[in-house]
Amino acid sequence: LNYRNTGFITSAPDIRHLPQDTGVEIAFAGRSNAGKSSALNRITDQKGLARTSKTPGRTQLINMFEVTTGCNLIDLPGYGFAQVPLELKIKWQKALGEYLQKRECLKGLVVLMDIRHPMKDLDQQMIFWAIESRLPVLVLLTKADKMKSGARKAQLLKVRESSKSFGGDVQIELFSSLKGIGLDQVRRKLDTWFGP
Ligand code: GTP
Ligand code: MG
C-alpha cells in the first residue's frame, strides 16, 4: 500500500464513538511518549498527520486515519501517564481491553515501547489481551537512535528472548522515526495485515 496517501478521518473520545466496525483496522498503542504519533507520521511520510509532543499524554482522543478505502490506522491515547488520576487510568485500561477484545475489524496491534524501557506491566497486559483475541502483535522498540548499534542489537535480542513466553504471534523490531530504522519492516507487516 502507499502509506503516503493516508488522510485523517475522525477523532473519537472513546471506543464507543468510533466509526462502524467495518473494513480493516490496525491500532498503534503504547505508553505515553513512546512515539506512537511520530511513528505514524514517519510511516505515512507526513510530518503533521498525527500530533506529536514532548509532553506525555498529548494524544487524548482516538484518532483514525485512512490509508485507502477500508484500510484504517488508529492512533490510541498513551497509557501509563503518571499525572493522570488513577480512576481515569483504570477506566482507560478497561476501555483498551474492551476494544482489543470486541473490535471485529481490528486485524493487528502495533505496540510501541521506548527501547530504553521496554515491556512494562501495561505493555505486557496489552500483548496478553491481543493474544487472547488471536490478534497478531508487532512490537516496535522505538527511539532506537538513542542507543549505539551494539547495545541496540543486544536489547533487541533480549526482548525477543523474553517475549517467547507470550506464546502468540508477536514480532519484535527496532524502530526510529528520526532515522527511519525499521520503516520497511513495519510497512511490510501492515501490508500483510491489510491483506490483498
Ligand atoms: P502520547 O500521544 O502522549 O501518548 O505520545 P506518543 O506516543 O504519540 O509520542 P510522540 O510521537 O508524541 O513522541 C514523544 C516524544 O518522543 C517527542 O518529543 C518525539 O519527538 C520523540 N520521539 C518520537 N520518536 C522518536 C525517535 O524515533 N527518536 C527520537 N530520538 N525521538 C523520538
Ligand atoms: Mg501521540
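This is a short conversation about reading the fold and one helix pair in a predicted model.

Student: Where do I begin? How many helices and strands does the chain have?

Tutor: Counting elements is a good start. The secondary structure here comes to five helices and seven strands. Following the chain from the N terminus, you meet them in the order β-β-α-β-β-α-β-α-β-α-β-α.

Student: Why is the chain described as compact as a globular protein of that length?

Tutor: The radius of gyration is 15 Å, close to the 16 Å that the globule rule gives for 196 residues, so the chain is as compact as a globular protein of that length. Its C-alpha atoms fill a box of roughly 45 × 40 × 35 Å along the principal axes.

Student: What share of the residues is buried?

Tutor: Buried residues make up 37% of the 196 in the chain. Contacts are worth a look too: of those with a separation of 6 or more, 74% link residues 24 or more positions apart.

Student: Now, how do I read two helices that pack together?

Tutor: Two packed helices are described by the angle between their axes and the distance between the axes. Try helix 2 (residues 86–102) and helix 3 (residues 121–132): their axes come within 8 Å and cross at roughly 25°. An angle under 35 degrees counts as roughly parallel, so helix 2 is roughly parallel to helix 3. The crossing is right-handed.

Student: Which residues of helix 2 and helix 3 meet?

Tutor: On helix 2, look for Leu96, Gly97, Leu100 and Gln101; they meet Met126, Trp129 and Ala130 of helix 3. By class, this contact has five nonpolar, two polar and no charged residues.

Terms used
Residues numbered from 1 in each chain as written. Chains lettered and ligands numbered in written order. Predicted model: local features only at pLDDT ≥ 70, side-chain atom pairs only at ≥ 80, totals over all residues. Axes fitted to C-alpha atoms, helices over the stretch in contact; angles between N-to-C directions. Helix = DSSP H or I, 4+ residues; strand = E, 2+ residues; numbered from the N terminus. Parallel < 35°, antiparallel > 145°, perpendicular 65-115°, else oblique. Left-handed = near helix turned anticlockwise from the far one by under 90°. Contact = placed C-beta atoms within 7 Å. Nonpolar A, V, L, I, M, F, W, Y, C, P; charged D, E, K, R; others polar. Rg over C-alpha atoms; globule rule 2.2 N^0.38 Å. Buried ≥ 20, exposed ≤ 12 C-beta atoms within 10 Å, placed from the backbone.
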